[in-house]
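Trainee: I would like to learn how to read a structure feature by feature. Can we take one together?

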There are 2 protein chains.
Amino acid sequence: MNSRIHIKGTGITKFGELWDKSLADLFYDATEAALADAGLKITDIDQIYVGNMFAGETSSQSQLGSLPASLYGVNVPSVRVEGACASGGLAVRQAVEALQGSRPQTILVVGVEKMADFPSDVLSNLLMQAASEEERIAGATFPALYALLAQAHMEKYGTDRKHLALASVMSHENACNNEHAQFQKQITVEQVLESMPTCEPLNLLDCAPITDGAAAVILSNRKPKKDDGKEAYIIANSAATDALSLADRKSLTELEATKKASAALFAQTEISHSDIDFVELHDCFSIAAILALEDIGFVKKGDGGKAIERIYNNDPDLPAINVSGGLKACGHPAGATGVKQVAEAAMQLRGRAGKRQLENPRYALTHNIGGSGATCVMHLLASSEALK
Amino acid sequence: MNSRIHIKGTGITKFGELWDKSLADLFYDATEAALADAGLKITDIDQIYVGNMFAGETSSQSQLGSLPASLYGVNVPSVRVEGACASGGLAVRQAVEALQGSRPQTILVVGVEKMADFPSDVLSNLLMQAASEEERIAGATFPALYALLAQAHMEKYGTDRKHLALASVMSHENACNNEHAQFQKQITVEQVLESMPTCEPLNLLDCAPITDGAAAVILSNRKPKKDDGKEAYIIANSAATDALSLADRKSLTELEATKKASAALFAQTEISHSDIDFVELHDCFSIAAILALEDIGFVKKGDGGKAIERIYNNDPDLPAINVSGGLKACGHPAGATGVKQVAEAAMQLRGRAGKRQLENPRYALTHNIGGSGATCVMHLLASSEALK
């Protein structure tokens with residue numbers, strides 16, 4: 001990656017069970033918020049990328065690239081990008097790829113998902129489209145697949161069940177400061193350990209919820225007219241894939257796609273792990289947060305559980321994670337999550353994160369995965385200050 | 001668009017009702033064919049784009065970007081692109097967008113769709129995800145929506161029913177020379193007119209079939225080591241969108257997305273319509289071929305019906321169309337079609353189209369639309385000879 005992509009605006013809807021909002025409503029609300037933030041009109045947008053996992057199945061609506069044409073009457077190139085729960089991050093990445101060309105462009109990226117209307121057993125089956133055929137036939141669900149990863153990690157590295165629980169506790173604490181979050185409510189380690197078992201060792205409070213929501217970012221390869229020192233930029237991105245089946249992976253205690261994406265990301269810049277102030281990482285299940293900290297490279301393999309505790313205790317040698325509340329507590333509208341992570345990171349870097357604002361953050365990472373880790377997409381963001 | 005994208009290899013599976021081939025089989029077969037044609041190994045590929053309309057619904061499989069990781073053990077960035085029946089063309093376009101950057105890359109694009117396993121009433125409903133909510137609720141199907149366009153065109157411009165039929169006849173004649181085609185069988189205008197009515201004025205033989213199939217192209221922004229005068233390049237691309245609902249469109253006799261995409265495409269080069277030797281255009285229904293000839297700009301609005309007759313009679317002032325047999329007779333595996341069009345155009349420009357080879361073609365257009373025209377994506381290709 002060779003140029004800085006300016007984040008001109010962001011918009012995030014309320015995340016939650018939004019019975020009175022349709023897919024198109026959510027799309028529109030996030031877009032309007034991002035346009036207003038950027039001080040732009042829809043006609044200033046040159047291209048649109050839509051991140052969505054399964055509106056065909058949940059809203060009988062595909063071809064979401066044409067939603068803006070239906071909503072606004074614009075005719076710009078617009079396309080949907082899908083990579084299961086990494087759809088949003090991949091949509092941002094496609095925009096960034098397009099912005100690497102020489103043509104000056106302003107691109108709108110919208111991630112949107114409408115999930116809560118479905119009975120959970122139907123949704124559970126639909127979600128398994130993001131796993132492998134063998135896993136579906138075997139009757140696995142995503143809690144089961146992540147439980148396998150958790151079991152392997154606990155067995156191999158002696159990871160403490162309480163560290164998994166603490167990942168959820170931390171996300172809930174953070175979400176209390178986020179007005180967009182689905183759960184603005186603290187929980188305790190004991191509550192996680194006593195919540196309904198889903199698949200051993202994971203309980204209900206180890207799992208991200210079912211969420212409706214949308215997020216939008218407006219990206220440009222045009223230099224901002226004036227950088228008042230409060231701008232945010234994407235300075236690198238990467239993506240990687242891995243086999244759909246856990247059975248076809250090299251290991252059950254690491255996600256190869258995250259390792260490859262992280263290596264590719266850091267290889268593009270001089271920035272190192274210790275420069276990163278905070279990470280929005282993909283904690284669809286508590287074990288996923290632990291794996292991410294290891295696989296991105298913040299701590300060595302096996303130390304992820306302890307790292308959660310260190311971060312919870314504000315260890316200055318580790319970045320803050322999921323200040324938004326993460327997937328666990330901010331909520332996880334599948335195709336919106338990856339866009340929301342970038343929007344959230346930009347808000348922090350621009351000093352606009354309200355009650356959850358970190359003190360002068362300079363560098364942020366976003367980490368978004370699909371399925372049980374078959375896709376990973378990452379972005380590295382920097383503040384004006386950092387790039388001076 | 002500022003650089004030429006070299007088409008290093010192409011692969012097309014047999015199109016048809018392929019009961020013994022899974023989605024993954026088709027993906028693999030097209031990829032292997034393209035790799036062999038390019039003289040490359042899968043490990044030479046830097047990124048992958050997958051065009052697919054609805055494998056989630058028809059094969060319970062999303063996250064198709066990870067299929068290559070499952071099939072080959074590679075971990076490269078790979079993502080699915082969706083825009084209904086324009087998914088394949090949009091996947092090619094995303095690859096081309098990425099190749100406009102300065103990073104030298106070789107990108108595999110695979111379009112794949114598995115449709116024939118479904119009862120036609122179930123499939124008919126699934127296809128309507130690419131239309132608008134109102135149209136679905138009204139009980140419309142795609143034959144009905146295109147029948148409305150045909151009725152309006154016949155009423156406003158006196159378009160002859162026989163000209164619609166002739167579009168199908170021509171595609172079937174061409175498909176007789178294409179070993180990949182679903183229907184290698186001639187039909188007559190009378191047979192079209194007497195075939196089962198679907199929605200007035202369209203009959204069964206005005207409609208593209210339900211098809212399984214896959215196509216792959218390998219694209220690179222690296223200059224070929226040697227250009228022996230038999231290479232093919234993408235020299236421009238464009239895309240546009242329009243409202244999902246026919247009711248929200250400006251007109252029922254033209255597809256705005258095609259008009260916008262065509263204008264944007266030709267604005268990028270010195271090439272004019274009269275330079276184009278052949279077009280692979282989106283004839284999902286016979287009326288669509290007529291609309292495309294007008295909306296791309298080969299003839300004036302209303303003259304598309306007569307243009308079909310002129311092309312059938314080899315009028316040198318108009319390009320050949322759908323030498324492959326088009327969607328009507330080669331078949332229309334939704335997400336594969338746009339990739340197959342580019343693969344087919346490259347085969348012609350490289351002089352490798354076998355029995356259907358045109359005489360020294362220099363410039364080709366591909367035209368791929370989604371739904372009832374809510375998405376359009378076009379590519380302009382040129383032979384080595386043309387670029388000398």
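Trainee: Leaving aside neighbours within four places in sequence, which residues is A:Ser383 in contact with?

Mentor: First, the ground rules. This is a predicted model, where local features need pLDDT of at least 70, side-chain atom pairs count only at pLDDT 80 or more, and totals for chains, interfaces and linings use all residues. Residues are numbered from 1 along each chain as its sequence is written, chains are lettered from A and ligands numbered from 1 in the order in which they are written, and side-chain values use heavy atoms, with hydrogens and water left out. Now your case. Contact means heavy atoms within 4.5 Å. With those neighbours set aside, A:Ser383 touches A:Glu231, A:Leu349, A:Pro361 and A:Arg362.

Trainee: In which strand is A:Ser383 found, and is A:Ser383 buried or exposed?

Mentor: Helices (H or I, at least four residues) and strands (E, at least two) are DSSP runs, numbered from the N terminus. A:Ser383 belongs to strand β12 (residues 375-383) of chain A. Buried means under 20% relative accessible area, exposed over 50%, and partly exposed in between (1.4 Å probe, protein chains only). A:Ser383 has 2% relative accessibility, so it counts as buried.

Trainee: How do I read a buried side chain with a polar partner? Take A:His282: where is it found?

Mentor: A:His282 sits in the loop between β9 (278-280) and α11 (286-296) of chain A. Its relative accessibility is 1%, so A:His282 counts as buried. Then look for polar contacts. A polar contact is a pair of N or O atoms within 3.5 Å; within protein, one must be able to donate a hydrogen and the other to accept it, and residues adjacent in sequence count only if both atoms are side-chain atoms. Here a polar side-chain atom of A:His282 lies 3.1 Å from the backbone nitrogen of A:Ile369. Residues up to four places away in sequence aside, A:His282 touches several others, among them A:Cys85, A:His332, A:Gln341 and A:His367.

Trainee: Now strands. Which strands pair with β2(B) in the parallel sense?

Mentor: Two strands pair if DSSP finds at least two bridges between them. β2(B) pairs in the parallel sense with strand β4 (residues 106-113) of chain B, over five bridges. There, B:Gly51 has B:Gly111 as its bridge partner. β2(B) also pairs with β3(B) in the parallel sense, over four bridges. B:Ile48 stands opposite B:Ser78 in that strand.

Trainee: Why is β2(B) described as largely enclosed by the rest of the structure?

Mentor: Because five of the five residues of β2(B) are buried. Check the faces too. B:Gln47, B:Tyr49 and B:Gly51 lie on one side, B:Ile48 and B:Val50 on the other, and all are buried.

Trainee: On to the interface. How many residues of each chain are in contact?

Mentor: 56 residues of chain B contact 57 residues of chain A. Buried area is the accessible area (1.4 Å probe) that two parts lose on being put together, summed over both. For chain B and chain A this is about 4100 Å², 39% of it on carbon and sulfur atoms.

Trainee: How many salt bridges cross the interface of chain B and chain A?

Mentor: A salt bridge is a side-chain nitrogen of Lys or Arg within 4 Å of a carboxyl oxygen of Asp or Glu. The rule finds four across this interface. One of them joins A:Arg80 and B:Glu82, with the closest N and O atoms 3.2 Å apart. Strands meet across the interface as well: β3 (residues 78-82) of chain A pairs with β3(B) in the antiparallel sense over three bridges. A:Val81 has B:Val81 as its bridge partner.

Trainee: What about unusual backbone values?

Mentor: Most residues other than glycine have a negative phi, and most peptide bonds are trans. The bond from A:Glu200 to A:Pro201 is cis, with omega near 5 degrees. B:Glu200 and B:Pro201 are also joined by a cis bond, with omega about 5 degrees. For phi, B:Asn314 is near 60 degrees, a positive value. B:Asn322 has a positive phi of about 45 degrees.

Trainee: Are B:Asn314 and B:Asn322 buried or exposed?

Mentor: B:Asn314 is exposed, at 64% relative accessible area. B:Asn322 is buried, at 2%.
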